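Subject: Structure handover

Hello,

Here is the structure I promised to pass on. Please open it first, then read my notes below.

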Amino acid sequence: MSQSVRTRPEGSGQALSEAYDTALLDLDGVVYTGGSAIAHAVDSLATAHRGGMRLAYVTNNALRTPDAVAGHLTELGIPTGADDVITSAQALARLIAEQVPAGARVLVIGGEGLKVALRERGLEPVESADDEPVAVAQGYGGPELAWGRFAEACYAIARGVPWFASNTDLTIPSARGIAPGNGAAVEVVRIATGAEPQVAGKPLPPMHRETILRTGAERPLVVGDRLDTDIEGAFNGGVDSLLVLTGVTDGPQLLAAPPRHRPTFVDADLRGMLTGQPEVTGVNDGFRCGGWMAKAGSGGLELEGDGEALDGLRALCAVAWTAAGEGSCELDGGKALARLEL
């Protein structure tokens, strides 16, 4: 699929919750962090839903079942059903089911979410490489996953059994900080076997396909905080995206984003779903948004004016992305970003 290179965030005369029929929302860093709802998330989602927008929650974490995720969201004040949750375990189970016989045995290296997803596709989860599995399914199994589980995967893969992984995120946030994610566990098996898994989760197409099949979305908007999973996943799926700055992405990372990591829209938090988005316009040798004017100078990115900090960031994105073209911007944006105090 050929896509034009995005050189600036887009504007929207409509509230995004009206312009799109379904929000495909990442969870951690977007809706909650450390188990608690992010500021403005509960009210913003309720308002969007009342206005007719479908809300679907899309996660690369294959450990929890959709029922468990829905229960957590409901406890936070966001009424959610299991059908509103799409996990990488579900995408992985579909990917495997399309390649193996019905009722086949699958060696599971992971948790309950992966087992439930496999059973939903009519496959039988097993625990040992000696159980004659026809596939290995690896997903995040939590911090207590035993080292011996990786050995079982290696034994099966060495016998020629195809290997599938829910996702390859190297890290996962926890209440105590950043912990190893499923991608780190995948690396253990990769190093030991020399094999390469088929991967289902964000940002790859199987995950996007799963969300569309389960939601029936016609005009979806991906909402996320990570450039390399959420925004790249939207890019790969050919759909629009909203980056919120409540998670891991900061100003320098956004300015340096290559084309596949450039969101359609940028906003502070989920309140951005309820409003239109300002236009970024080219003026002489720079770009204007709101009360800010940004341009490229000899010392890096320059910013003049005053107003909403996000408007300044949007204008800087336009300068940086235009200068970078199909690559990553190397212009120093530190001084300009410091003016915004994001």
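Five strands make up an open sheet in this predicted model. Their order is E7-E6-E8-E9-E12, and they pair in parallel. E7 (124-126) and E12 (198-199) are the edge strands. Each of them pairs on one side only.

Look next at E6 and E8 in this sheet. Strand E6 covers residues 105-109, and strand E8 covers residues 135-138. The two run parallel and are joined by four bridges. Opposite Leu107 you will find Val136 in E8. Helix H5 (residues 112-120) packs on this sheet. H5 touches E6, E7 and E8. The direction of H5 makes about 165° with that of E6.

Now the other sheet. An open sheet of six strands runs in the order E5-E4-E1-E13-E14-E15. Its pairing is parallel. The edges are E5 (85-87) and E15 (265-267), and each pairs on one side only. From one strand to the next, the twist averages 25°.

At one end of that order, E14 (residues 240-244) pairs with E15 over three bridges, in the parallel sense. Leu243 has Val266 in E15 as its bridge partner.

This sheet carries a helix too: H4 (residues 88-97) packs on the sheet. Which strands does H4 touch? The contacts are with E4 (54-59) and E5. The direction of H4 makes about 60° with that of E5.

Best wishes

Terms used. Residues numbered from 1 in each chain as written. Predicted model: local features only at pLDDT ≥ 70, side-chain atom pairs only at ≥ 80, totals over all residues. Heavy atoms only, no water. Pairing = 2+ DSSP bridges. Axes fitted to C-alpha atoms, helices over the stretch in contact; angles between N-to-C directions. Contact = heavy atoms within 4.5 Å.
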